[in-house]
Amino acid sequence: MANGMGSLFIGHSGLKSSQDAMHTVANNLANVNTNGYVRQQVVFRDTHYNNIAYAKNGYKKLTGLGTSIGELVHARDIFLDKAYRKDYGRQSYYSATFEAIDEVQNFFQEMEGTAFQQILDGDEASLWQAFDEFSKDPSAMVNQNLVIQKSSLFVSRAQAVMKGLANYQSDINMQISKDIDTINDHFKNIFELNIRIQTIEAGGRETAMNERDARDYALDELSKYGYIEYEEAADGTVSVKFEGELAVDDMFCYQIGKKTDRLTGYITPYWPHLSNESGGNYAEVYDFTKEICTEFNTDIGELKALVQARGTTISNFNDIINVDPDFYDATVGLSIMQNTEAEFDQLVHGIVTQINDLLSPNKKMDSLIVNNFDGTYSEYRNVLVLDEENCYVGADGKIPPQEIFTRSGCSRYTQVTGEDGKTYYLYNMEDVNDSIEYYMNGKTYRVYDTDNGTTVSNFRYETDPVTGDPVKTMISVNVPYTPWNKENNEKYDLQTINGVPLYVLNENYNYDESKQYTTMEMEINYNLLKGVTNIPHINNKGEIAYDLGHKLVNLWNNQSLTINPRYSTGYTFSEYYKEMIGEIGLIGSVYESATENLEDAVSSIENQRAGVIGVSSDEELTKMIKYQNAYNASSRYIQTVSDMIELLVSGL
């Protein structure tokens with residue numbers, strides 16, 4: 001009887017084990033489409049054996065008590081996981097960068113629509129074509145009107161491109177904000193899962209499989225946004241580093257903050273717990289001074305790609321001229337958006353300033369003494385004034401002549417009276433970078449270029465009490481001429497460095513773009529819109545200025561522009577534009593190729609991972625049939641033993 005009852009227990013163990021195995025298969029099938037789910041596999045083992053006797057040879061005679069589930073395997077390949085997460089992050093970096101480059105190309109409509117190239121120098125409806133017609137007869141109103149029309153089209157099309165670039169930067173900025181929120185959500189989720197896993201597994205009897213699956217999936221998704229490093233502790237918790245800084249462990253969950261620029265609204269990710277915000281010191285998540293390459297794992301993460309592509313501000317030509325090449329590469333050159341904006345604006349700036357300088361030419365005067373209204377005098381050095389001897393006038397014959405492109409914040413000239421009583425038209429200089437590098441004691445300073453820049457000395461004449469002769473008394477000497485400075489934002493600070501007085505460039509100086517010929521601060525001269533005949537076309541002899549028309553057309557043949565501070569090759573307007581577009585296309589091709597290759601690599605690793613952790617419905621259904629048959633066999637076994645016991649009991 002005892003053996004009979006034991007046989008029932010053996011059958012029961014088989015019945016229960018088969019039933020539990022079917023539950024595991026059912027769970028796998030139910031989660032076949034669940035993201036991050038890892039299939040569970042049953043491993044059977046023998047239960048306890050009883051020693052019932054010893055054989056003559058000394059061996060034990062054992063009887064088993066059936067079977068049970070020894071382990072529920074939750075298999076992952078940690079090497080495939082690490083390879084997938086690194087390549088997924090790298091693929092996201094190149095994909096996000098390529099998307100930005102592709103969007104930039106769309107703004108110039110080179111593949112479809114009206115390409116900017118056609119507006120610049122096409123055979124029809126272009127700025128070059130308008131000046132070509134103007135050169136044939138500058139006095140013809142139809143040609144004058146054509147110049148104004150095409151100039152207006154050129155400005156509006158250029159501004160449309162710049163607005164598109166700036167708006168896309170804002171779109172990228174919004175995506176950066178969303179990515180930071182998503183990253184913080186993953187940090188919080190991993191932290192909470194750490195606590196739940198630690199709680200469930202603390203007794204050593206249960207494995208938190210669903211929680212581990214969710215945490216691994218969160219790590220997969222987190223790897224898209226940046227370079228992550230992680231390590232599992234003995235208690236089951238995982239510590240995670242994001243871009244080299246600890247973000248999550250079993251005790252803390254740090255968040256990425258959003259430092260917002262007040263002028264642009266651009267967001268920069270930083271670590272609040274490592275920053276002194278009240279002191280203005282922020283520990284930024286990304287250090288762009290490090291070389292971006294695969295070797296150092298610095299080309300990983302969508303968030304980094306977005307921050308890099310967007311840049312820190314909206315750039316213009318002033319970010320290129322007189323800029324150190326290394327500094328350019330480390331700042332504006334890093335951002336596809338800023339680099340494109342700066343190069344494009346330099347093209348527009350070069351075109352409009354060269355056209356204006358022909359219509360309303362300037363000359364440099366080594367010294368010009370101006371009589372001020374308060375009885376003092378100002379001596380300007382290296383100053384530009386209207387070249388009245390070689391300038392042209394419109395039909396109204398007025399001086400100074402009209403420029404086609406005007407700045408929104410100031411006129412082209414300021415009328416002054418010289419010490420000699422003559423009227424001069426002082427050119428209102430653009431507020432641009434007019435500094436040079438100055439080396440002293442191993443340190444580099446950006447200082448005002450007193451030799452080539454415009455400076456002013458103020459003085460007055462006082463009567464000598466003894467002789468009665470006028471005496472020149474200096475008020476200030478050699479001050480940089482920057483009349484468009486904003487209050488409390490001086491462009492240069494006078495400093496004494498090793499006994500040498502120098503005007504050092506204020507690094508926080510905000511250039512007044514309304515005083516520059518930038519794409520967005522430029523407009524067509526209103527006086528010419530009212531009367532196109534006032535466009536300069538008559539020389540100082542009263543003759544039609546055919547030479548002016550030829551000079552304007554020949555501007556398109558002058559190799560006067562360089563693409564950026566790294567290159568010294570001169571380009572014409574057309575060559576410059578083609579080189580700029582070609583540069584964007586080449587970079588885009590490189591990133592597109594890298595994206596496609598990495599997509600294949602990620603897909604290959606994902607397929608390998610699926611072979612380890614994925615659920616195959618066909619395989620699981622096969623196992624379900626096997627376990628169902630085992631269950632039926634155990635049931636038949638129990639029925640047979642039951643019948644045998646009943647027969648024995650009935651026979652007694």
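Where does Asn 382 lie? Asn 382 is part of strand β11. The close-up views below are taken from a predicted model.

**View 1. Asn 382, a residue of strand β11 with a positive phi.** Phi of Asn 382 is near 55°, a positive value in a residue other than glycine. The relative accessible area of Asn 382 is 16%. Asn 382 counts as buried because this value is under 20%. Strand β11 covers residues 377-386.

**View 2. The cis peptide bond between Ile 399 and Pro 400.** Ile 399 and Pro 400 are joined by a peptide bond in the cis form, with omega at about 0°. Pro 400 belongs to the loop that runs between β11 (377-386) and β12 (405-407).

**View 3. Asn 498, a loop residue with a positive phi.** Asn 498 is not a glycine, although its phi is positive, at about 50°. The loop that holds Asn 498 lies between β19 (492-497) and β20 (500-505). Is Asn 498 buried or exposed? Asn 498 is exposed, and its relative accessible area is 54%. The cut-off for an exposed residue is over 50%, so Asn 498 meets it.

**View 4. Helix α7, with nine of its nine residues buried.** Helix α7 consists of residues 302-310. Nine of the nine residues are buried, so the helix is largely enclosed by the rest of the structure. Among these buried residues are the charged residues Glu 302, Lys 304 and Arg 310, and the list also includes Leu 303, Ala 305, Leu 306, Val 307, Gln 308 and Ala 309. What covers the buried residues of α7? The cover includes α2, α5 (141-200), β9 (267-270) and α9 (336-359). Gly 311 follows α7 and has a positive phi, near 85°.

**View 5. A negative surface patch with residues from α2 and α12.** The patch is formed by Glu 99, Asp 102, Glu 592, Glu 596, Glu 599 and Asp 600. Two or more of its residues come from each of α2 (78-107) and α12 (573-613). Which element gives the largest share of the negative patch? Helix α12 does, with four residues.

**View 6. Asp 102, a patch residue in helix α2.** Asp 102 is placed in helix α2 and is one of the residues that form the negative patch. Its relative accessible area is 32%, which makes Asp 102 partly exposed. Patch residues need over 30% relative accessible area, so Asp 102 meets that cut-off. Helix α2 is also among the elements that cover the buried residues of α7.

How values were computed: Residues numbered from 1 in each chain as written. Predicted model: local features only at pLDDT ≥ 70, side-chain atom pairs only at ≥ 80, totals over all residues. Heavy atoms only, no water. Patch = residues over 30% accessible without salt bridge, like charges linked within 9 Å, V, L, I, M, F, W, Y side chains within 5 Å. Areas by Shrake-Rupley, 256 points an atom, 1.4 Å probe, with all protein chains shown as cover. Salt bridge = Lys/Arg side-chain N within 4 Å of Asp/Glu carboxyl O. Charge placed at Lys NZ, Arg CZ, Asp CG, Glu CD. Buried < 20%, exposed > 50% of the residue type's maximum accessible area, 1.4 Å probe, protein only. Contact = heavy atoms within 4.5 Å.
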